[in-house]
Amino acid sequence: MEKSRRYAKSHEWARLEDDGSVTIGISAYAVEALTDLVFMQLPDVGSTVTAGESFGEIESVKAVSDLYAPISGKVISVNTELPSQLETLNDDPYGSGWIICVEPIEADQIDALFDQEAYDKLIGG
Amino acid sequence: MLQQTPLFEWHTQNHGRMVDFAGWSMPVQYSSIVSEHLGTREGVGLFDVSHMGRVVVEGDQAAEWLESMLTRQVRDLSVGRSRYTLITGVDNTDETVQCDGDPVILDDAIVARLANLEGGGHRFSIVVNASNRPRVVRWLKACLPQEGVRLHDTTEETAMIAVQGPLVFGRVQEGILEGPLRNVFSSEILEKVAALKNYGVLETEFDGKPVLVSRSGYTGEDGVEIISSSLSAVMLWERLLEHNTTRPCGLGSRDTLRLEAAMPLYGHELCETTDPFSAGLGFAVNVDGRNFPGADGIRIRRGAGGRCRVGLVFDSRRAARTGDHVLLSEDGTESVCGEITSGSFSPTSERGIALAVVDRVVGNPGQELEVLVRGTRLPVKVVSLPFYRRSHQ
């Protein structure tokens, strides 16, 4: 069964994995709203991301948007193939379109994020 | 409450993603900006540009009056021709416009000379930007002479549709009757439209009402812009779309198309205090022996050797945005040598492109520079404009 995702109000998702790491991406709603993605800048492995602060950029034809970390943690892996294949975000935003994986600083920080139902409500679904 | 064009309902019923553009609810895209852009480069793109301001100026003194109001010569414009001009004047937000004060560039516009009135008076059409229409109309009305010239803002009783792309007049081997315009005009009228040169205009009819067709556009492609009655707009739009090469396009792709064609956009390449000569718009001001508002101030700048407008191409897909600094690194020192006026990802070349105004010494094609994009220095190269030029004229 697919593990449950949690969401930040800035439309990033976070998923707690079996090994305690947290995978982070952006929601299908965000991808749809951005459209025409052309560029993405990601952090380096080993860097630290802070909840609510920018950890990268995503650029569409019309605008540049920050990617905000839904939780704080140390970056343990980065989907380095993604920037050259941004269409993956449209095709599989919760699978192969993952962006970074972090080792959380506070294990329960993820619980404060929206669950699926609350997020669906937020985006008017 | 946002203003709506006669096609508003059509847009909302057909996946138009509506945004506020200069007080109008307009579609930024229907599918994706990139696919609409490429569709216009390969086939035909249809754009609702009814938000643009449309003004008719007529009367016995109309030519003389416009000659005194516009930066471009008007008197020698023949019937059926149009040209790009700037409109200079005093920006006054009050209802009562003061005609004294320092004139600024209020807008850029296309002025077309229409057939004379039956009594012999002149008639002109002027198309201005949506964002500047209120102040331009206010200014022009305040400057109208007591008699001999009448001005009508026809924006809300008309619609304007741009039909743009290499297949507007059909595939070369098949001929003009195979393009989307065959769905709206008789073959006799279509022959006349196809015979128009760039910036030529034709007054004809659609749906029993007058339309103005001009061989012009804002995409770098061949095509026409049609001003029709607002009552006929949906029928005109749907008839054009029935053609299988034609697709609706939003303002998002209109902007990327015009940037590749290096066409100026008010608020970016020019604003109230822009020096037209530095902005690459010297052709739009005829200063010799003429006296339009602000002519003296503009005359002084000619030959003053300010900056120049250039195109910049990036290695990456990343785009600079308006206001980003252009940098020159030389002998270990770095200086700001210019500023981005418009930047975007270019769907045709699949990398970042930008228009910039830079110091003349670094304005030659091939010059290597850097642009500071959100804290990152990106290498760029100066190229000659436009970025995109259609192969078929």
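In this predicted model, buried residues make up 37% of the 125 residues in chain A. For chain B, the buried share is 47% of 393 residues.

## The two chains

Chain A contains three helices and nine strands. Read from the N terminus, its elements follow the order β-β-β-α-β-β-β-β-β-α-β-α. Chain B has eight helices and 19 strands.

The table sets out some overall values for each chain.

| Chain | Residues buried | Span of the C-alpha trace along the principal axes | Share of contacts (separation of 6 or more) between residues 24 or more positions apart |
|---|---|---|---|
| Chain A | 37% of 125 residues | about 35 × 35 × 30 Å | 57% |
| Chain B | 47% of 393 residues | about 70 × 50 × 45 Å | 66% |

The radius of gyration can be set against what a compact globule would give. For 125 residues, such a globule would have a radius near 14 Å, and chain A agrees with this, because its value is 13 Å. For 393 residues, the expected radius is near 21 Å, and chain B, at 21 Å, agrees as well.

## Where the chains meet

How many residues of chain A are in contact with chain B? Eight residues of chain A touch twelve residues of chain B. On the chain A side, four of these residues are nonpolar, one is polar and three are charged.

## Two domains in chain B

The domain assignment divides chain B into domain 1, residues 1–300, and domain 2, residues 306–383. The C-alpha centres of these two domains of chain B are 30 Å apart. Between them, 16 residues of domain 1 are in contact with 15 residues of domain 2.

Which elements of domain 1 give two or more residues to the side that touches domain 2? They are α2 (33–42) and α7 (251–260) of chain B. The largest share of that side comes from α2(B), which supplies four residues. By class, the domain 1 side holds seven nonpolar, five polar and four charged residues.

## The nonpolar core

The largest nonpolar core has 127 residues. Within this core, B:Leu66, B:Ile161, B:Val163 and B:Ala356 touch the most other members. Both domains of chain B take part, with at least three core residues drawn from each of domain 1 (1–300) and domain 2 (306–383).

B:Leu66 can be followed further. Apart from neighbours within four places in sequence, B:Leu66 is in contact with B:Val57, B:Val74, B:Val111 and B:Phe124.

## A helix with a buried face

B:Leu66 is also one of the buried residues of helix α3 of chain B, which covers residues 62–69. The others are B:Ala62, B:Ala63, B:Trp65 and B:Met69. Why do the buried residues of α3(B) line one face of the helix? Seen down the axis of α3(B), they fall within an arc of 160 degrees, so they line one face.

What do these residues pack against? Their partners in chain B are the strands β4 (53–59), β6 (104–114) and β7 (122–128), together with the helix α4 (133–143).

Technical notes. Residues are numbered from 1 along each chain as its sequence is written. Chains are lettered from A and ligands numbered from 1 in the order in which they are written. This is a predicted model: local features need pLDDT of at least 70, side-chain atom pairs count only at pLDDT 80 or more; totals for chains, interfaces and linings use all residues. Domain bounds come from an automatic or database domain assignment. Two residues are in contact if their C-beta atoms, placed from the backbone, lie within 7 Å. Ala, Val, Leu, Ile, Met, Phe, Trp, Tyr, Cys and Pro count as nonpolar, Asp, Glu, Lys and Arg as charged, and the others, Gly among them, as polar. A nonpolar core is a set of buried Ala, Val, Leu, Ile, Met, Phe, Trp, Tyr and Cys residues joined through C-beta atoms within 7 Å. A residue is buried if 20 or more other C-beta atoms lie within 10 Å of its own, exposed if 12 or fewer, and partly exposed in between; C-beta atoms are placed from the backbone. The arc is that of the directions from the helix axis to the C-beta atoms. The radius of gyration is taken over C-alpha atoms; the globule rule is 2.2 Å times the number of residues to the power 0.38.
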